Amino acid sequence: MDAQTNPTARPSAIAAGSGWRADNREPSLANVFGSVRVRQGGSFWAKLVAFLGPGYLVAVGYMDPGNWATSLAGGSKFGYALLSVALISNIMAIILQSLCARLGVGAGRDLAQACRDAYPRWVAWPLWLFAEIAISATDLAEIIGTAIGLNLLFGIPLELGVLITALDVFLILALQALGFRWVEAFVVALLGVIAACFAIQIALANPDWGAVIRGFAPTVEIVRNPDMLYLALGILGATVMPHNLYLHSGLVQTRGYGPTEADKREAIRLSTIDSTFALCLALTINASILILAAATFNAAGNHEVAELDRAHALLAPMLGSSWAPTLFGVALLCCGLNSTVTATLSGQIVMEGFINIRIAPWLRRLITRAIAIVPAALVTIWYGAKGSGELLILSQVVLSLQLPFAIVPLVMFTGSRAKMGVFVAPRWLSAAAALTAIVVVVLNAKLVFDFVTGS
């Protein structure tokens with residue numbers, strides 16, 4: 001399945017248009033660049049199978065442990081009302097990830113590399129810092145989620161669980177040594193386990209499906225109610241994640257597609273199909289978390305359930321099954337492990353792309369995890385699971401605040417004919433992406449205003 005090819009056979013240095021200041025001499029994720037073979041002249045379905053994978057690694061970021069906290073809080077407090085936010089966020093994600101595929105294939109560079117080329121250092125370096133903050137916030141959610149999962153399933157204390165998460169670097173190294181397709185297979189397998197766990201729990205919860213359908217219709221109350229807006233932004237931050245935009249624009253280049261315009265157009269199309277299917281799965285799982293919280297906690301009058309351990313404890317009596325908490329814990333642990341893989345890859349892309357520093361993946365992983373472990377350990381030691389739940393939600397809002405710094409450059413680059421050449425995004429797609437960027441910026445401004453004024 002993996003065929004190590006010579007990166008120079010499809011050089012990423014080729015500029016799609018004349019708008020880039022310099023050739024991109026180093027490919028994104030050089031150790032796996034072009035390593036997944038795509039049969040030239042094969043059938044559409046054979047080629048699609050070759051392109052399936054990166055979208056599911058991206059989808060992991062849309063259902064990480066931080067998303068669980070925001071979805072549980074939203075479902076328990078406001079019932080099914082915030083399902084509309086999950087749906088809108090997913091549509092935004094599909095639009096933005098399609099632009100990432102276009103940038104990675106059409107321009108032959110990931111978003112971090114594009115920013116380094118397009119902006120002076122005084123702009124590019126702060127963007128790099130913001131990206132690192134977003135990755136650290138993501139890693140923080142993964143640490144807490146994995147530690148809570150270990151605690152729920154095996155009784156391991158949270159403090160010890162936080163430290164154990166540092167060992168996941170060896171899992172990443174083992175998978176990468178086998179080949180990139182093994183990394184993708186591992187992620188897809190865990191996604192299947194997560195989906196199965198929630199399918200069983202939803203069947204046990206037996207939600208009001210009429211209310212579920214109505215919940216997908218947006219309401220102005222989301223903007224008027226500061227508490228609802230705060231959780232809505234948390235869901236948005238947990239769904240459309242900044243590091244995923246860097247990640248996807250690099251992952252699509254692991255495919256060994258040809259160098260011609262026709263080859264690249266086909267690669268963009270197949271990569272977009274891959275990410276769209278994967279994000280639909282992510283929406284299903286995200287919606288399942290919120291529906292489960294609404295059908296159990298909200299329906300029973302428990303409106304303040306944001307802590308993962310509390311949700312775990314309440315599920316058994318509410319669903320009448322001792323299996324429900326175990327399924328919840330298994331799915332949570334799988335989410336934490338999956339998110340570890342994608343955080344490592346996105347961290348590598350961001351560091352190499354922005355500041356052109358290349359270090360061993362295991363060292364990069366340890367640095368990122370060390371930064372995130374400190375606040376996670378302090379919070380779990382001093383405040384326990386309750387503080388961890390609040391920190392999870394805060395990490396997702398931090399992610400939401402970082403979004404404009406990744407979305408705006410992405411929209412600008414892919415909408416520029418000078419930079420993209422014949423692969424420039426269609427006007428309708430650029431307009432939809434620009435509207436997405438505006439919505440994100442406005443909602444974040446509203447959040448900051450409410451926080452400052454205390455409203």
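Helices here are DSSP runs of H or I with at least four residues, numbered from the N terminus. Helix 9, as an example, is followed by N206, whose phi is positive, near 50°. The model on screen is a predicted one, and the tour below moves through it one selection at a time.

**The whole chain**

Start with everything shown. The chain has 20 helices and two strands. Of its 455 residues, 60% count as buried. Contacts between residues 24 or more positions apart make up 85% of those with a separation of 6 or more. The accessible surface is about 17100 Å², and carbon and sulfur atoms hold 70% of that area.

**Helix 9 and the residue after it**

Select residues 180-205, which form helix 9. What span should its 26 residues have at 1.5 Å a residue? The expected figure is 38 Å, and the end C-alpha atoms of helix 9 are 38 Å apart, so the two agree.

Now step on to N206. N206 sits in the loop between helix 9 and helix 10, the latter covering 209-215. The phi of N206 is positive, about 50°, although N206 is not a glycine. Is N206 buried or exposed? N206 has a relative accessible area of 59%, and the cut-off for exposed is over 50%, so N206 counts as exposed.

**L29, another positive phi**

Go back along the chain to L29, in the segment before strand 1 (36-37). L29 is not a glycine either, yet its phi is positive at about 50°. The relative accessibility of L29 is 1%; buried means under 20%, so L29 counts as buried.

**Helix 4**

Select residues 83-107. This is helix 4, with 25 residues. From its first C-alpha to its last, helix 4 reaches 36 Å, close to the 36 Å expected at 1.5 Å a residue. Colour the helix by accessibility if the viewer allows. How many of the 25 residues of helix 4 are buried? The count is 21, so helix 4 is largely enclosed by the rest of the structure. Just past its end comes G108, with a positive phi near 70°.

**Helix 4 against helix 13**

Keep helix 4 selected and add residues 242-251, helix 13. The axes of helix 4 and helix 13 come within 7 Å and cross at roughly 40°. That makes helix 4 oblique to helix 13. The crossing of these two helices is right-handed.

Show side chains where they meet. On the helix 4 side are L96, Q97, C100, A101 and G104. On the helix 13 side are N244, L245, H248 and S249.

**H248**

Centre the view on H248, in helix 13. Its relative accessibility is 0%, so H248 counts as buried. Leaving out residues up to four places away in sequence, H248 touches P54, V58, Q97, C100, A101, S271 and S275.

**S275**

From H248, move to S275, one of the residues that H248 touches. S275 is in helix 14, residues 261-298. With a relative accessible area of 1%, S275 is buried. Beyond its neighbours within four places in sequence, S275 is in contact with G55, Q97 and H248. Q97 of helix 4 therefore appears again: Q97 is among the residues of helix 4 that meet helix 13, and Q97 is also a contact of S275.

**Helix 4 against helix 18**

Hide helix 13 and show residues 404-414, helix 18. The axes of helix 4 and helix 18 come within 10 Å and cross at roughly 55°. That makes helix 4 oblique to helix 18. Is the crossing of helix 4 and helix 18 left-handed or right-handed? The crossing is left-handed.

L96, L99, C100 and L103 are the helix 4 residues that meet helix 18. Their partners in helix 18 are I407, L410, V411, F413 and T414. L96 and C100 also take part in the meeting with helix 13.

**Last stop: T344**

Select T344, in helix 16, residues 323-355. The relative accessible area of T344 is 2%, and T344 is buried. Add I135 and draw a line between the two C-alpha atoms. T344 and I135 are 209 residues apart in sequence, and the line between their C-alpha atoms is 9.1 Å.

Methods
Residues numbered from 1 in each chain as written. Predicted model: local features only at pLDDT ≥ 70, side-chain atom pairs only at ≥ 80, totals over all residues. Heavy atoms only, no water. Expected span 1.5 Å × (residues − 1). Buried < 20%, exposed > 50% of the residue type's maximum accessible area, 1.4 Å probe, protein only. Contact = heavy atoms within 4.5 Å. Areas by Shrake-Rupley, 256 points an atom, 1.4 Å probe, with all protein chains shown as cover. Axes fitted to C-alpha atoms, helices over the stretch in contact; angles between N-to-C directions. Parallel < 35°, antiparallel > 145°, perpendicular 65-115°, else oblique. Left-handed = near helix turned anticlockwise from the far one by under 90°.
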